[in-house]
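Visitor: I would like to walk through this structure by asking about its parts. Where should the tour begin?

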Amino acid sequence: MKEINVDRPSKTEPHLVTIENAHKRFGANVVLQGVDLHVDRGEVLAIIGPSGSGKTTLLRTINGLELLDTGSVTVSGLIIPAMSELVSQRTRDAIVRQIRSTVGMVFQQYNLFPHMTVLRNIIEAPVFSRGVDKETAVKTAIQLLDRMGMADKASAHAHQLSGGQRQRVAIARSLALNPELMLFDEVTSALDPELVGEVLQVMRELAAEGMTMVVVTHEMQFAREVADRVIFMDGGVIVEEGKPEDVFAHPKHKRTQKFLHRVLHPLAEESENSEQNDQGVE
């Protein structure tokens with residue numbers, strides 16, 4: 001087995017994240033087909049596309065929740081070995097642990113521990129995984145809750161919170177580890193419409209402060225306003241990428257045009273489908 005040095009590298013790499021020729025399949029289902037991607041420090045990258053396009057899988061490869069079949073993922077100078085590489089499980093786990101120590105991830109579902117208070121949820125990883133003393137961890141957690149507008153919820157449990165509040169706690173929990181990079185996977189998709197804004201506002205503030213972020217989202221207005229760059233995925237490949245104003249206002253590829261038309265003008269899409277059906281009947 002080839003062993004890899006997992007010492008923490010310096011922060012001099014040109015990109016914080018580099019993905020090269022990424023391939024991934026689940027059984028017969030090909031999810032990623034030769035994806036190349038980079039994320040610069042301080043950049044906000046939005047990933048859009050239809051369900052099943054490979055967006056979430058690509059995101060999960062960045063912190064080792066999914067391992068590539070072939071290709072490479074490099075985060076802050078550390079390479080996550082693909083499944084095809086002859087690397088011991090011990091080495092692979094060590095690399096993934098180091099990468100996760102600098103990467104925070106917030107999921108569609110909040111994944112809060114239901115038997116713990118909000119405060120305990122936030123301090124759990126710093127205290128028991130990082131060895132931060134409890135007093136310091138509590139102080140940081142309270143500051144983060146105050147920032148999220150939830151200082152009065154420290155002693156509450158998850159079932160006592162709204163969906164938007166739970167998602168803000170999940171963001172605070174990730175920020176408590178002081179990450180270099182934040183990954184967001186459709187974090188508003190499970191929320192009631194009136195709760196979406198409060199979560200997006202937190203993300204806007206993080207972006208304004210220079211946090212490096214990769215955001216899989218169906219919130220097109222958010223991607224247009226906040227992202228530095230947008231990529232559109234379909235069928236496991238990156239079909240189009242560019243500045244938000246270019247991708248949204250002047251998409252080059254027909255597949256991107258069709259997707260954005262359907263998402264941004266759903267009533268027009270329904271009307272067109274209805275007219276086609278009527279014509280078919282006639």
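Guide: The tour can begin with the largest pocket, whose lining has eleven nonpolar, seven polar and five charged residues. Keep in mind that this is a predicted model.

Visitor: How much space lies in the largest pocket, and which residues are the closest to its centre?

Guide: The space in the largest pocket comes to about 610 Å³. Its lining is made of 23 residues. The closest to the centre are Arg 100, Val 103, Met 105, Ala 125 and Leu 177.

Visitor: Which element gives the most to the lining of the largest pocket?

Guide: The elements that give two or more residues to this lining are helix 2 (89–100), strand 6 (103–106), helix 3 (118–128) and helix 5 (163–175). With four residues, the one that gives the most is strand 6.

Visitor: Which residues are the closest to the centre of the second largest pocket?

Guide: About 190 Å³ of space lies in the second largest pocket. The lining of this pocket holds 18 residues. By class they are six nonpolar, ten polar and two charged. The closest to the centre are Pro 50, Ser 51, Gly 52, Lys 55 and Glu 186.

Visitor: Which helix gives the most to the lining of the second largest pocket?

Guide: Lys 55 is among the residues closest to the centre of that pocket, and Lys 55 is also one of the buried residues of helix 1. The contribution of this helix to the lining is three residues. The helix that gives the most is helix 1.

Visitor: Why is helix 1 described as largely enclosed by the rest of the structure?

Guide: A residue counts as buried when its relative accessible area is under 20%. In helix 1 (residues 55–62), the buried residues are Lys 55, Thr 57, Leu 58, Leu 59, Thr 61 and Ile 62. Helix 1 is largely enclosed because the buried residues number six of the eight.

Visitor: Which residue just after helix 1 takes a positive phi?

Guide: The place to look is just after the helix. The phi there is about 80 degrees, and the residue is Gly 64.

Visitor: How many cavities of 30 Å³ or more are there, and which elements give two or more residues to the lining of the largest cavity?

Guide: The count comes to one cavity of 30 Å³ or more, and the largest cavity has a volume of about 40 Å³. Its lining consists of Glu 186, Val 187, Thr 188, Leu 200, Met 203, Val 215, Val 216, Thr 217 and Glu 219. The elements that give two or more residues are helix 6 (193–208) and strand 8 (212–216).

Visitor: What is the order of the strands in the open sheet, and which are the edge strands?

Guide: The open sheet has four strands in the order 2-1-4-5, with antiparallel pairing. An edge strand pairs on one side only. The edge strands are strand 2 (29–39) and strand 5 (78–80).

Visitor: What is the bridge partner of Val 17 in strand 4?

Guide: Strand 1 (residues 17–26) pairs with strand 4 (residues 70–75) in the antiparallel sense, over five bridges. Within strand 4, the bridge partner of Val 17 is Val 75.

Visitor: Which helix packs on this sheet, and what angle does its direction make with that of strand 5?

Guide: The helix that packs on the sheet is helix 2, which touches strand 4 and strand 5. The angle between the directions of helix 2 and strand 5 is about 125 degrees.

Visitor: Which residue in the turn between strand 9 and strand 10 has a positive phi?

Guide: Strand 9 (residues 229–234) and strand 10 (residues 237–242) are an antiparallel pair with five bridges. One of the partnerships is between Asp 234 and Val 237. The two strands form a hairpin with two residues between them. In the turn, the residue with a positive phi of about 60 degrees is Gly 235.

Visitor: Is Pro 251 buried or exposed, and which residues does it touch?

Guide: Pro 251 lies in the loop between helix 8 (244–249) and helix 9 (254–264). Buried means under 20% relative accessible area, and Pro 251, at 17%, is buried. Not counting residues up to four places away in sequence, Pro 251 touches Glu 240, Asp 246, Thr 256, Gln 257 and Leu 260.

Visitor: How many of the residues of the protein chain count as buried, as a percentage?

Guide: The protein chain has ten helices and ten strands. Its residues number 282, and the portion that counts as buried is 49%.

Key. Residues numbered from 1 in each chain as written. Predicted model: local features only at pLDDT ≥ 70, side-chain atom pairs only at ≥ 80, totals over all residues. Heavy atoms only, no water. Buried < 20%, exposed > 50% of the residue type's maximum accessible area, 1.4 Å probe, protein only. Pairing = 2+ DSSP bridges. 1 Å grid on protein atoms, 1.4 Å probe; cavity = no way out; pocket = protein on both sides within 12 Å on 5 of 7 lines; lining within 4 Å. Points joined across faces, edges and corners; volume = space filled by probe spheres on them. Nonpolar A, V, L, I, M, F, W, Y, C, P; charged D, E, K, R; others polar. Contact = heavy atoms within 4.5 Å. Axes fitted to C-alpha atoms, helices over the stretch in contact; angles between N-to-C directions.
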